[in-house]
Amino acid sequence: GEVTPCSDDLNRACTNIASLRGDAVSMLAMIADNGIFFETKKDFADCIVTGFMKLNGQTVGAVANSGKVDTICAKGADKAADFIKFCDAFNIPVLTLANVKGFSRNECQEKRLPKAAAKLATAYAQATVPKVTVVTGTAYGSCYVLMGSKAIGADFVYAWPDSEIGMMDAKQAARILTDSDDAAEIRKTAAEYSDLQQNVKSAAMRGYVDTIIEDADTRKYVIGAFEMLYTKRENRPSKKHGTI
């Protein structure tokens, strides 16, 4: 995309952005130059938000869990995958805001989600443009892997201090680990599991997260990351393309 002069403060604080976790469109607008975010496919798959913004004058595509629901459905995965492929085709960097607990569950989703999820993973993995992810809330299991994780090729992953990254919800894990109906024991085990497995510092120690950042500093860090990645080139083995 064309780079235009930026009149907005590159270090502008995103004050109280964490209070907007339920509204990804507003979060993206707060991060964007001059508060302008152009949403695409607004009325299709409300679990995922896609759209365009400028960051230091550079056009960036954004993919985010909407915050309205904490799951991904098959249509949402398709929407995100198609958007990422479009950005990659036109050499537009991709910003991802991850805040997701799981997949939508019903009979229809059971049939459609595996292929849609694979399509999304493939889109992220094959895209050679700069990819930056911010974990803004919860990031659980294979859903998080799909939302622009290091595992599928993110160049930088940042996380807010109170975000949670792990395999599953602590209470669910505690029920499996304790195999007990005792509420006190489940609570105790859940607290221990959360502290050990979901603490964002643990994720950083394991290399899932590059840097833990204050939510107010999100714009500054994201712009810095894309600046560093401006000349990114990926030399891939010569092959054709995925078949998903």
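Colleague: Among contacts in the protein chain between residues at least 6 apart in sequence, what share joins residues at least 24 apart?

Modeller: The share is 72%, where a contact means heavy atoms within 4.5 Å. This is a predicted model, in which local features need pLDDT of at least 70 and side-chain atom pairs count only at pLDDT 80 or more, whereas totals for chains, interfaces and linings use all residues. Residues are numbered from 1 along each chain as its sequence is written, and side-chain values use heavy atoms, with hydrogens and water left out.

Colleague: How many helices and strands does the protein chain have, and what makes a stretch count as one of them?

Modeller: The protein chain has 8 helices and 10 strands; helices (H or I, at least four residues) and strands (E, at least two) are DSSP runs, numbered from the N terminus.

Colleague: Why is L113 called buried?

Modeller: L113, which lies in helix α3, has a relative accessible area of 8%, and buried means under 20%, exposed over 50% and partly exposed in between (1.4 Å probe, protein chains only), so L113 is buried. Its contacts, not counting residues up to four places away in sequence, are I72, C73, A74, F103 and S104. L113 and D78 are 35 residues apart in sequence, with their C-alpha atoms 9.3 Å apart in space. Over the protein chain of 244 residues, buried residues make up 47%.

Colleague: Where does the length of helix α2 stand against its expected span?

Modeller: The expected span of a helix is 1.5 Å times one less than its number of residues. For the 16 residues of α2 (residues 74–89) this gives 22 Å, and because the end C-alpha atoms are 23 Å apart, the two values agree. Within α2 the buried residues are A74, G76, A77, D78, K79, A80, A81, F83, I84 and C87. After α2 comes N91, whose phi is positive, near 60°.

Colleague: What makes a set of residues a nonpolar core, and which residues touch the most other members in the largest one?

Modeller: A nonpolar core is a set of buried Ala, Val, Leu, Ile, Met, Phe, Trp, Tyr and Cys residues joined through side-chain atoms within 4.5 Å. The largest core has 38 residues, of which V63, I84, L120, V135, Y144, M147 and I165 touch the most other members. The elements giving two or more residues to this core are α2, β5, α3 (107–126), β7, α4 (141–146) and β8 (156–159). L120, not counting residues up to four places away in sequence, touches A77, A80, A81, I84 and L146. A second, separate core of 28 residues includes L28, F37, V49 and V222.

Colleague: What covers the buried residues of α1?

Modeller: In α1 (residues 24–31) the buried residues are A24, M27, L28, A29 and I31, and their cover includes β1 (37–40), β2 (48–55), β3 (58–65), β5 (94–100), β7 (131–140) and α8 (218–228).

Colleague: Why is β3 described as largely enclosed?

Modeller: Of the 8 residues of β3, 8 are buried, so β3 is largely enclosed by the rest of the structure. Both faces are covered, with Q58, V60, A62 and A64 buried on one side and T59, G61, V63 and N65 buried on the other.

Colleague: What makes β2 and β3 a pair?

Modeller: Two strands pair if DSSP finds at least two bridges between them; β2 and β3 have 8 bridges and run antiparallel, and F52 has G61 of β3 as its bridge partner. Between β3 and β5 there are 4 bridges, in the parallel sense, and A64 has L97 of β5 as its bridge partner.

Colleague: What is notable about the phi of N56?

Modeller: N56 lies in the loop between β2 and β3, and its phi is near 55°, a positive value in a residue other than glycine. Most residues other than glycine have a negative phi. A45, in the loop between β1 and β2, also has a positive phi near 55°.

Colleague: How many disulfides are there, and what makes C73 a member of one or of none?

Modeller: A disulfide is a pair of cysteine sulfur atoms within 2.5 Å, and by this rule the count is 0. For C73 the nearest cysteine sulfur, that of C47, is 3.6 Å away, and C73 is in no disulfide. C73 counts as buried because its relative accessibility is 15%, whereas C6, at 25%, counts as partly exposed.
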